[in-house]
Amino acid sequence: MPHPTLPRRRLMLTALAGGATLGATPAATQPAADPAGNAAAYRFRIGAIRATVLSDGLIGGPPAVYAADAPELELREVLRRAFLPADRLVLNLNTLLLETGSQRILLEAGAGATMGPGGGRIFAALAAIGLAPGDIDAVVVSHTHPDHVGNLRDAEGGRAFPRATVFAPRADWDFFMGAAPDLSYMPVPAEFRQRFGAAIRHSLEPLRRDIVLYEPGAEILPGLASLPAAGHTPGMAAFLVHSGGDQLLLTADLAYHPVVNIDRPWRPGPDRDPASALAARQRIFTRAAAERLPVLGFHFPFPGLGHLLRLEQGFAWVPMGWQF
Ligand SMILES: [Zn+2]
């Protein structure tokens, strides 16, 4: 368990000043209509599997939370050069629907209203491609942070995906659903941490009796392998979707934003065990670059698809071109 250090205290103040958002009432709400009416669904194929990135919307917070060890001035300059604001880093919520022919599997549930008003779009995105929550057979989450499980509970306290078998890593369930998980490692105000923990329990409570807990490393469903990637949370998994010779690697929260966690190797502040998280990031990024795997970043700019390029020192993110 990391202990508070001076830089960490400074981060907490930054988080407070920057107004990291976390919804007060984690329940499904309808986001405002999109003025531009842009699509929130992006289709492509992984072998025989039809894949669709479905956006649950946007969350965000002070950049220093997502790049915890970045020197303040350097972080400011990196954001400026990427034409990003200095006071708030926006993160996407790129859930992925897999249609295998026999099953519809959703990878990550999205935030819903648990992390502010910008989430909760997944139901509109599903409707836009002609599907309802009842059409989903399985929901598999990489870890149980609120932005990955927030949509699992509906406004009435039931299951938002009524027919779906939900899979979550066992070590996350044990930690976050156990009595009083210690979240003091998170570089955010205590009140934010309290609501963060409550949002996880609130979202997962309706599933208590029939959630399926997995050990990362297992083939969870045909075509969907999980890879151990613990560190960000006790049980986080990355995913490898495979069909025929095609593969797609999902990096979960090994990186929040390519500008600060790939192109610069800064550390996501909410990593519970920074050394393990760094080792997982290094191991999985190295494999992605060596095998030239297509990658989906859950929080990367929509639709979040690209490749990791190995550099002499570190990695670079190379977004994939849009396909029609
Ligand atoms: Zn996340």
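1. Burial of H148 and D253. Both residues are buried, meaning under 20% relative accessible area, where exposed is over 50% and partly exposed lies in between (1.4 Å probe, protein chains only). The model is predicted: local features need pLDDT of at least 70, side-chain atom pairs count only at pLDDT 80 or more, and totals for chains, interfaces and linings use all residues. Numbering runs from 1 along each chain as its sequence is written, and side-chain values use heavy atoms, with hydrogens and water left out.

2. The zinc site. Four residues supply the protein donors of the zinc ion: D147 (OD), H148 (NE2), D253 (OD) and H299 (NE2). They lie 2.1 to 2.2 Å from the ion. Donors here are N, O and S atoms within 2.8 Å of the metal (3.2 Å for Na, K and Ca); water is not among the atoms, so sites may look incomplete.

3. Geometry. Why is the arrangement around the zinc ion irregular? The four donor atoms subtend angles of 89 to 156°, and this makes it so. By the rule used, four donors count as tetrahedral if all angles lie between 85 and 135 degrees; four count as square planar and six as octahedral if opposite donors are over 155 degrees apart and all others between 65 and 115; anything else is irregular.

4. Sequence spacing. Along the chain the zinc donors follow D-H-x104-D-x45-H. H148 and D253 link distant parts of the chain, 105 residues apart. H148 sits in helix α5 (residues 146–149). D253 is in the loop between β11 (246–250) and α8 (258–261). Helices (H or I, at least four residues) and strands (E, at least two) are DSSP runs, numbered from the N terminus.

5. D147. This donor is also placed in helix α5. D147 is buried yet has no salt bridge. The nearest side chain of opposite charge is R88, 12 Å away; Lys and Arg count as positive and Asp and Glu as negative, while His and the chain ends are not counted. Leaving aside neighbours within four places in sequence, the contacts of D147 (heavy atoms within 4.5 Å) include I59, L93, M115, D253 and H299.

6. Salt bridges, overall. The count comes to 13, a salt bridge being a side-chain nitrogen of Lys or Arg within 4 Å of a carboxyl oxygen of Asp or Glu. R163 and D137 form one of them, at 2.8 Å, N to O. R163 lies in the loop between α5 and β6 (165–169), and D137 in the loop between α4 (122–128) and β5 (138–140), so the pair ties together parts 26 residues apart in sequence. D137 is buried, at 19% relative accessible area. Elsewhere, R43, R50, E99 and R104 are joined into one network by salt bridges that share partners.

7. R43 and E99. Their closest N and O atoms are 3.8 Å apart. The pair links strand β1 (residues 41–46), home of R43, to strand β3 (residues 89–99), home of E99, 56 residues apart. R43 is partly exposed at 35%. E99 counts as buried at 11%.

8. E77 and R81. This salt bridge spans 3.1 Å, N to O. Both residues lie in helix α3 (residues 72–81), four residues apart, about one turn of the helix. E77 is partly exposed at 29%, and R81 is exposed at 63%.

9. Whole chain. There are nine helices and 14 strands. Of the 324 residues, 52% count as buried. Among contacts between residues at least 6 apart in sequence, 71% join residues at least 24 apart.
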